[in-house]
Amino acid sequence: MRAYFDNAATTRLDPEVLEAMLPLMTEEFGNPSSIHSHGRKVRTAIERARKTVATLLNTSPAEIFFTSGGTEADNTAIRSSIETYGLTHAITSPLEHHAVLHTLEHLHKQGAVKLNLVEVDEAGRINLLHLEELLRAHPNTLVSLMHGNNEIGNLLDLETVGRLCQEHKAVFHSDTVQTMGHYRHDLQQLPVDFIVGAAHKFHGPKGVGFLYVNAHTKSGRGPIHPFIHGGSQERNMRGGTENVYGIVGLAKALEIAYAEMESHRQYIESLKSRMIGQLRERLDGVSFNGLSANLSESLYTVLNVGLPSSEMSDMLLFNLDIAGISASGGSACTSGSNLGSHVLSALPHNDAERGAIRFSFSKYNTVEEVDYAVDTLVELFKREQAAVK
């Protein structure tokens with residue numbers, strides 16, 4: 001059996017999404033900036049996709065800008081807001097995706113902004129009292145905190161953080177890559193200035209995403225300057241010929257995700273609960289990192305498993321792969337390196353000697369795959385114990 005449990009890294013393309021993309025890849029090939037009929041037809045497809053995304057998020061199409069993915073969208077929100085508004089401070093957490101953390105660290109080293117890290121507890125919860133202290137001490141600030149952590153699954157209360165930012169006139173950006181398509185975002189009600197999405201996290205194509213920019217920003221400021229300069233595409237916000245079939249695929253994937261969200265959530269959550277229960281019952285010394293085993297405070301798609309100290313920790317993912325199971329030791333962006341997880345390392349009192357595996361689920365996973373993954377893990381540890389004896 002082969003079982004794919006790395007959906008936080010990327011998801012399988014939905015066949016309906018591919019079907020929507022194909023005409024733009026073959027017959028409707030015009031440049032959307034061209035004024036002839038071939039170009040106008042493609043431009044119409046882009047604007048229709050923009051309207052679909054905006055409608056699902058309950059906002060205006062004028063506030064949706066298509067990008068190459070979540071990383072570009074995050075960089076645009078962070079860099080452009082700091083430059084446009086003359087922000088002097090930034091607040092983030094040590095648990096952020098590197099698209100945010102590395103960008104802000106780089107800007108801090110350049111002297112463009114002073115950076116503060118908000119405290120987190122041993123489960124990875126943001127210390128809201130400390131956040132408020134930082135906001136009081138540092139006016140003219142950008143706050144960048146992710147909605148759902150890609151490694152440990154922790155969910156942030158966007159409403160509470162957004163209200164704090166409004167009270168202190170701070171700009172609020174949230175990396176919503178892991179929650180987009182899995183949770184509803186009502187941008188008429190949500191107190192955020194910028195959120196982002198990446199199609200390949202919700203069964204769309206790779207290489208396309210979007211940035212939501214509140215027209216006047218919830219913090220009371222105006223539009224931001226572009227990050228990528230060039231042509232007048234995306235209403236002068238992002239130069240470069242649009243990834244037309246990617247954009248159409250993104251909109252179709254998000255449309256499907258919203259239509260099926262409740263049923264998929266119930267199904268996926270049942271798979272996660274099953275894995276939690278079986279691991280607790282069958283594997284001595286197992287634990288769960290962050291809040292990932294708390295169904296009400298974590299992504300229903302992510303489970304980060306803390307495993308007993310073992311001689312085979314470094315080979316665990318390799319052994320699972322041999323057994324046909326694709327999982328991750330953390331973020332896919334760092335799993336090819338020997339740096340380990342910066343998220344787990346940042347948790348106070350974290351036991352670095354324990355192995356950690358992130359299982360992340362999608363609508364395409366099955367009960368049989370969950371059972372097979374648990375059986376395989378248990379068998380691997382039994383073999384090691386037998387060898388030691």
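Which residue's side chain does R50 meet in a salt bridge? Hi everyone, let me start there. The partner is E47, with N and O 2.9 Å apart; by salt bridge I mean a side-chain nitrogen of Lys or Arg within 4 Å of a carboxyl oxygen of Asp or Glu.

Before going on, a word on the source. This is a predicted model, where local features need pLDDT of at least 70 and side-chain atom pairs count only at pLDDT 80 or more, while totals for chains, interfaces and linings use all residues. Residues are numbered from 1 along each chain as its sequence is written, and side-chain values use heavy atoms, with hydrogens and water left out.

Back to our pair. R50 and E47 both sit in helix α2, three residues apart, which is about one turn of the helix. Helices here are DSSP runs of H or I with at least four residues, strands are runs of E with at least two, and both are numbered from the N terminus. The two partners differ in cover: R50 is buried, with a relative accessible area of 1%, whereas E47 is partly exposed at 33%. For those words, buried is under 20% relative accessible area, exposed is over 50%, and partly exposed is in between, using a 1.4 Å probe and protein chains only. The pair also belongs to a network of salt bridges that links R43, E47, R50, E234 and E242.

Across the whole structure, the search finds 20 salt bridges. One of them joins the side chains of D321 and R2, at 3.8 Å from N to O. D321 is in helix α10 (residues 316-322) and R2 is in the segment before β1 (3-4), so this bridge ties together parts 319 residues apart in sequence. D321 is partly exposed at 40%, and R2 is exposed at 57%.

Another one is R274 with D371, whose closest N and O atoms are 2.8 Å apart. Here R274 belongs to helix α9 (residues 261-282) and D371 to helix α12 (residues 367-388), so the pair ties together parts that are 97 residues apart in sequence. R274 is partly exposed, with 36% relative accessible area.

Now to the inside. A nonpolar core, for this talk, is a set of buried Ala, Val, Leu, Ile, Met, Phe, Trp, Tyr and Cys residues joined through side-chain atoms within 4.5 Å. The largest one has 54 residues, and V53, F66, L131, V143, L145 and F172 touch the most other members. Elements giving two or more residues to this core include α1, α2 (37-56), β2 (64-67), α5 (128-137) and α8. Of these, α8 gives the most, with nine residues.

Take F172 as an example. Leaving aside residues up to four places away in sequence, F172 touches a list of residues, among them V143, L145, L156, V161, P191 and F194; contact means heavy atoms within 4.5 Å. There is also a second, separate core of 32 residues, and L283, V286, Y300 and L377 are among its members.

Staying with α8, A257 lies in this helix and is buried at 12% relative accessibility. Its C-alpha atom is 9.8 Å from that of R184, a residue 73 places away along the chain.

On the outside, L18, L22, M25 and Y245 make a nonpolar surface patch of about 340 Å². Patch residues have over 30% relative accessible area and no salt bridge, with like charges joined within 9 Å and nonpolar side chains (Val, Leu, Ile, Met, Phe, Trp, Tyr) within 5 Å. The areas come from the Shrake-Rupley method with a 1.4 Å probe, and for residues only the protein chains shown count as cover. Helix α1 (residues 15-26) gives the most to this patch, with three residues. Y245 comes from helix α8 (residues 244-259) and is partly exposed at 37%.

Next, a sheet. Three strands form an open antiparallel sheet in the order β9-β10-β12; strands pair if DSSP finds at least two bridges between them. β9 (287-288) and β12 (355-360) are at the edges with a single partner strand each, so one side of each has no neighbour in the sheet. β9 pairs with β10 (residues 302-307) over two bridges, and S287 has G306 as its bridge partner in β10.

Last, some backbone angles. R235 is not a glycine, yet has a positive phi of about 55°, and N236 has a positive phi near 65°. R235 is in helix α7 (residues 233-236), and N236 lies in α7 too. R235 is partly exposed at 39%, while N236 is exposed at 52%. Thanks for listening!
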